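Student: I should like to learn how to read the features of a protein model. May we work through one together?

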Amino acid sequence: MKKIFRKKWRLAGILLLILLLYIFWPAQFYRTVSYETTRITKVDDQGNVDYATGLNEQLKGDIKPEENAMALMAQVIPPNQELTRKPPEFYRWLEIEEPKENAPFLQRYAITGSEYPDLKIYVITEKCMQPWAKIDFPDEAEFLQANQEPLQILSKAAERTKYFHPVVTTNVPEKHTSIDVGIVDFLNRQREAANFLNMRAMNAIQEKRFDDAWNDFYTIHRMGRLIQSNPSGFMEDLIGLSIERIAIKGYEVLLSTQTWSVDQIKVKAEFLNKLPTPASPAFVLDQHERLIILDTIQVVYAAKNFQYSSKKYHVVDDAEFYERMVQRSIDFDSLLRRVNAKIDRIVVAMSIPDNSDRFEAMEKIKKENFTIHFIPWKMQLHGITKRSEMIGQWMLQKHLYTIYSIERSASRRRNLLKSTQIAFAIAEYQAREGKYPEKLIDLKLPVDVTLDIYTGKQLHYERWNQGYILCSLGIEEKWKPHLEQARLGGIRLGSVDE
């Protein structure tokens, strides 16, 4: 009996020793720099892949400073206030000199002494989204007058044919990426500048300067399209689309009030065909967003310390006992191969030309990924390769929401373009016939121009009061309940849920 008891204690001691070795044995992170794993093979002095340089080289290509709209925009859009100024490398990539402190930056409208200066900007743009008179809003009129020079420079920038916005690096650990997220602040300034141009255009409509209003709206439209033509990633792509949407809303008001002739409308409609072409979501994911995702994963590899839960992952400086217990070695080669394979599959799905087939393929991938749940302690039951692949899939899952929203936004963008082209055809019909058409077929447009991207059927068109609604009702007409709200306006383009 005593021998059996001693054997059990020995066994328990051996198991305890194994458990302690398991807990305190240092985790090892393995990674090989190659196209198959990291995509970019250029490394810095510390052995980290230089994703920022790799991404900038792809974005820049053979774009010259005199072609690049950003080379002019950077001279008038104020830098990030938190970072005080853009780093010198930003301007070196643009091949321009850093703006002086007295440069003609866009001024930011703010209440004197206000704790929230941005709030005033929001209030102004909201109340000037419709035609407004300077006599009614003297402060806003004075503000626009003070910004005439930078707004004119922005207009010249929009006339350029190329766009390259360099990304820069940061060493701030909590950012979780070496690519500087300050780019978002700069992009928001671009959207803010678009709102200022919109304000000016709405004032021009009030004063019946319709050509001036058109020029500002078209400048906004080109700004949005230039950004979408060569975005550094999906965040920049979405900002570009939101700027384009500002222009579309402006066209709605302009077409409700203009008094152009048929020939004048034809000239302006032709300009819409000269807008820069947006990069496809598949291309952006494959060539640009992929590098941002891999850069995010590199932060985990470089920190050599990693905590994960069912909801998030992040780098930790000093792992607690439980965190250390569930942290095991990770084979980043297996992890990165799984991530790249999944991205490749999404790129293929995004590239399917048929809309219904593309939606179906994307929905299938979405269901596969969002039904996966990870329990940290159970992860340790797998071998290093399987566990690493699961962690990679789990890391990518955190980016999938953005990827799927981009695909939906791209569909809306295509419908927006169709709606805008049809709206100018309707304006031409009205100038010629003295009334709006009863049906889209009266415009005698090619059938494919009037088809809804989502349904393959004709876009919804209805006359309403002094205007009309031309829009998509969405898949299975899920946006139809929004029609009543849309009928409160004059001309309404796009999707009625916006």
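Tutor: We shall take the whole chain, then one strand, then one residue. This is a predicted model, in which local features need pLDDT of at least 70, side-chain atom pairs count only at pLDDT 80 or more, and totals for chains, interfaces and linings use all residues. Residues are numbered from 1 along each chain as its sequence is written, and side-chain values use heavy atoms, with hydrogens and water left out.

Student: How many helices and strands are there in the chain?

Tutor: Helices (H or I, at least four residues) and strands (E, at least two) are DSSP runs, numbered from the N terminus. The chain has 18 helices and 7 strands.

Student: What percentage of the residues is buried?

Tutor: Buried means under 20% relative accessible area, exposed over 50%, and partly exposed in between, with a 1.4 Å probe and protein chains only. Of the 498 residues in the chain, 51% are buried.

Student: Which way do the residues of β6 point?

Tutor: Gly-467, Ile-469 and Cys-471 point one way, and Tyr-468, Leu-470 and Ser-472 the other, all of them buried.

Student: In which sense do β5 and β6 pair?

Tutor: Two strands pair if DSSP finds at least two bridges between them. Here β5 (residues 460-464) and β6 are antiparallel over 5 bridges, and Arg-463 stands opposite Tyr-468.

Student: Where does Gln-130 lie, and what does it contact?

Tutor: Gln-130 sits in the loop between α5 (117-127) and α6 (138-146). Contact means heavy atoms within 4.5 Å. Beyond its neighbours within four places in sequence, Gln-130 is in contact with Met-202 and Val-253.
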